[in-house]
Amino acid sequence: MAEQTSQRQIVLDTETTGLSTADDHRIIEIGCVELVNRRLTGETFHQYINPQREIDAGAIEVHGITNESLADKPLFADIAADFLRFIEGAELIIHNAAFDVGFLNHELTKLGHTAKIDDICS
């Protein structure tokens with residue numbers, strides 16, 4: 001019988017201040033759950049993030065997260081290392097992946113990272 005290897009997946013979602021990184025919109029929430037062999041492990045990563053900019057009114061209508069609720073939250077720079085450790089080596093499962101990955105790469109670039117999400121995950 002062939003040896004079976006574990007497959008680690010992360011289901012990931014973000015919320016943002018707006019729709020475009022070209023306008024320097026930022027991530028304000030990251031939520032992740034871990035699956036191993038398509039089963040929930042109970043391991044999660046969740047963080048609200050202070051974007052250091054105003055959230056568009058249209059975005060607030062979508063997710064309900066307000067500028068005031070993020071005022072005391074950490075910056076992306078403060079949570080980036082923990083987030084990257086959580087997702088490292090996993091296959092990502094993301095609805096509208098181009099949007100979320102684009103925002104994650106935008107945040108990493110702002111921190112001076114040369115690696116992109118595709119380099120960190122399988």
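**Overall fold, helix H3 and a nonpolar patch**

Five helices and four strands make up the chain, both taken as DSSP runs numbered from the N terminus (H or I, at least four residues, for helices; E, at least two, for strands). Going along the sequence, the order is β-β-β-α-α-α-β-α-α. The radius of gyration comes to 15 Å against the 14 Å that the globule rule gives for 122 residues, so the chain is as compact as a globular protein of that length; the radius is taken over C-alpha atoms, and the rule is 2.2 Å times the number of residues to the power 0.38.

A word on the source: this is a predicted model, where local features need pLDDT of at least 70 and side-chain atom pairs count only at pLDDT 80 or more, while totals for chains, interfaces and linings use all residues. Residues are numbered from 1 along each chain as its sequence is written, and side-chain values use heavy atoms, with hydrogens and water left out.

Of the 122 residues, 38% count as buried (under 20% relative accessible area; exposed is over 50%, partly exposed in between; 1.4 Å probe, protein chains only). Among contacts (heavy atoms within 4.5 Å) between residues at least 6 apart in sequence, 64% join residues at least 24 apart.

Helix H3 (residues 76-87) has a neat two-sided layout. Phe76, Ile79, Ala80, Phe83, Leu84, Phe86 and Ile87 are buried there. They sit on the same side of H3, because they cover an arc of only 150° around the axis, the arc being that of the directions from the helix axis to the C-beta atoms. Asp78 and Arg85 are exposed on the other side. The buried residues of H3 pack against S1, S2 (27-36), S3 (39-48), S4 (91-93), H4 (97-110) and H5 (117-120). After H3 comes Gly89, with a positive phi near 80°.

Two non-glycine residues also show positive phi. For Gln52 the value is about 55°; this residue lies in the loop between S3 and H1 (57-63) and, at 56% relative accessibility, is exposed. For Asn96 phi is near 60°; Asn96 belongs to the loop between S4 and H4 and is partly exposed at 47%.

On the surface, Val11, Val33, Leu40 and Ile93 form a nonpolar patch of about 300 Å². Patch residues have over 30% relative accessible area and no salt bridge, with nonpolar side chains (Val, Leu, Ile, Met, Phe, Trp, Tyr) joined within 5 Å and like charges within 9 Å; a salt bridge is a side-chain nitrogen of Lys or Arg within 4 Å of a carboxyl oxygen of Asp or Glu. Accessible areas come from the Shrake-Rupley method with a 1.4 Å probe. Val11, in S1 (residues 8-16), is partly exposed at 32%.
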